[in-house]
Amino acid sequence: MKIPYLSLEIMHKEIAGDINQAIKRVVKANDYILSKECAKFEEDFSNFCGSKYAIGCGNGLDALYIILKSLGIGVGDEVIVPSNTYIATALAVTYLGAKPIFVEPRIDTFNINTSLIEAAITAKTRAIIAVHLYGKAAEMEEINFIANKHNLIVIEDSAQAHGARRLGKRVGTLALASGFSFYPGKNLGAFGDAGAITTNDDALAEKFYAIRNYGSRVKYIHDYVGVNSRLDEIQAAILSAKLPHLDRWNTERNRIAKRIIKEVNNPYITLPKEAEPESYDVWHIFALMCDKRIELEKYLNDNGIGTNKHYPKPIHLQRAYSNLEIKKGALPIAESISENELSIPLYYGMTNSQIDFLIEKLSMFTPY
């Protein structure tokens, strides 16, 4: 049996009519940038998240960059980020001349270890970016408590967590502002690059709207040194067609994840934890840990099961960040995750026979 690591085929086939109508609507309107479709998706997405505003932009990295830029973060500032996040989180900080300060995650949740944050705070620290990695909301109540204590800003990186909740509230409403990515493989994915920012802050929202569009809210009048990062009408229309189905798709992801966690029994594999009470994970990535990852990956691939690794080399060991002079061994939890994490298939449209086969093969694995 073949199980690809990811397939969007069933999801898109089920709503093909809605998607085609959305695209045709844009083509017929002959209006492609910052028009009705973008405005509609912004309203729909803010309602979905429970935020006052949603501001469409070009991608998730731009969303974080625009937030940080609007907050005046720049040269000489430090921003705390998890040591095991995707590089985009750190790049948003670096683009502004600020310095990412890496804090280790909890090995059982993959999210930032809140007990280590205060030790990383200095006189230069301006903000904490809380990443909801793999679709599990970070411990926002503790992060916000620390930030308030030290007069810091909290920003959510919700790129992998559309629809996730922490203590009953959706991500995107748990801090001053949040950045989302709608890369095609996300739980809510466009047909290309796309992103958004959510916030409840009126003044910040005005800045976000302007900065994404060359620093302008009125044509040819530029109040900020902005960027060109706009959610185009076709991507917005596609996202609007998909958004009403997101909760249903996430529910199915949860069903599959719970089956795997309950039914896989293998001492060589460490499975992820389920959501804490009153919280809700959306399982963008099902990440397991295995200190025999090479053997497990080969075994699964040989049995027709696709896999991925998130992420095989941590940021501090990437050549792009060699200027930080962080040596191997300095961030052992991030390095351990990079060496032992393996992502297995989990997506809407998996058949019960595929899930059965995946569980059977995971349970049968032995490296010897």
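This passage walks through the pockets, aromatic contacts and unusual backbone spots of a predicted model.

A good place to start is the largest pocket, which holds about 650 Å³ of space. Its lining is made up of 34 residues, and those closest to the pocket centre are Y86, Q160, Y183, K186 and Y311. Three elements give two or more residues to this lining, namely helix 4 (60-70), helix 5 (87-94) and strand 8 (177-181). Helix 5 gives the most, with 4 residues. Sorted by class, the lining of the largest pocket has 18 nonpolar, 12 polar and 4 charged residues.

One of the central lining residues, Y311, also has a notable backbone. The peptide bond that leads from H310 to Y311 is cis, with omega near 0°. For readers new to such details, most peptide bonds are trans. Y311 itself is found in the loop between helix 11 (293-302) and helix 12 (332-340).

The second largest pocket offers about 240 Å³ of space. Its lining consists of L34, Y209, R212, N213, S216, R217, V218, K219, Y220, H222 and R230. Strand 10 (residues 216-218) supplies the largest share of these, 3 residues. The classes here are 4 nonpolar, 3 polar and 4 charged residues.

The loop between helix 8 (202-211) and strand 10 holds Y214. This tyrosine has a positive phi of about 60° although it is not a glycine. It is worth recalling that most residues other than glycine have a negative phi. With a relative accessible area of 41%, Y214 is partly exposed, because this value falls between the 20% limit for buried and the 50% limit for exposed.

A second tyrosine, Y134, likewise has a positive phi, of about 65°, without being a glycine. Y134 sits in the loop between strand 4 (125-131) and helix 7 (140-150). Its relative accessible area is 4%, so Y134 is buried, the cut-off being under 20%.

Attention can now turn to the aromatic rings, which form 14 pairs in the structure. In one of these, the rings of Y268 and Y368 have centres 5.8 Å apart and planes at 65°, so the pair is edge-to-face, as planes over 60 degrees apart are counted that way. Y268 belongs to the loop between helix 10 (246-263) and strand 12 (286-289), while Y368 belongs to the segment after helix 13 (352-364), so the contact ties together parts that are 100 residues apart in sequence. As for accessibility, Y268 is partly exposed, with a relative accessible area of 30%. Y368 reaches 69% and therefore counts as exposed, the cut-off being over 50%.

Another pair brings together W283 and F286. Their ring centres lie 5.3 Å apart with planes at 25°, so the pair is stacked, a label used for planes under 30 degrees apart. Both W283 and F286 are buried.

Aromatic residues also gather in a cluster, formed by F41, F45, F48, F180 and F182. One cluster member, F48, has a charged neighbour: R170 lies over the face of its ring, at 3.9 Å from the ring centre. A similar arrangement involves R165, whose charged end sits over the ring of Y280, 4.6 Å from the centre of that ring.

Another member of the cluster, F41, can be set against K13 to give a sense of scale. K13 and F41 are 28 residues apart in sequence, and their C-alpha atoms are 21 Å apart in space. K13 is part of helix 1 (residues 9-14). Its relative accessible area is 56%, so K13 is exposed, being over the 50% cut-off.

A last contact involves Q354, a residue of helix 13. A polar atom of the Q354 side chain lies 3.4 Å from the backbone oxygen of K2. Q354 has a relative accessibility of 14% and so counts as buried, which requires a value under 20%.

Notes:
Residues numbered from 1 in each chain as written. Predicted model: local features only at pLDDT ≥ 70, side-chain atom pairs only at ≥ 80, totals over all residues. Heavy atoms only, no water. 1 Å grid on protein atoms, 1.4 Å probe; cavity = no way out; pocket = protein on both sides within 12 Å on 5 of 7 lines; lining within 4 Å. Points joined across faces, edges and corners; volume = space filled by probe spheres on them. Nonpolar A, V, L, I, M, F, W, Y, C, P; charged D, E, K, R; others polar. Phe/Tyr/Trp six-rings, centres within 6.5 Å; stacked < 30°, edge-to-face > 60°. Buried < 20%, exposed > 50% of the residue type's maximum accessible area, 1.4 Å probe, protein only. Lys NZ or Arg CZ within 6 Å of the ring centre and 35° of its normal. Polar contact = N/O pair within 3.5 Å; in protein donor to acceptor, adjacent residues only side chain to side chain.
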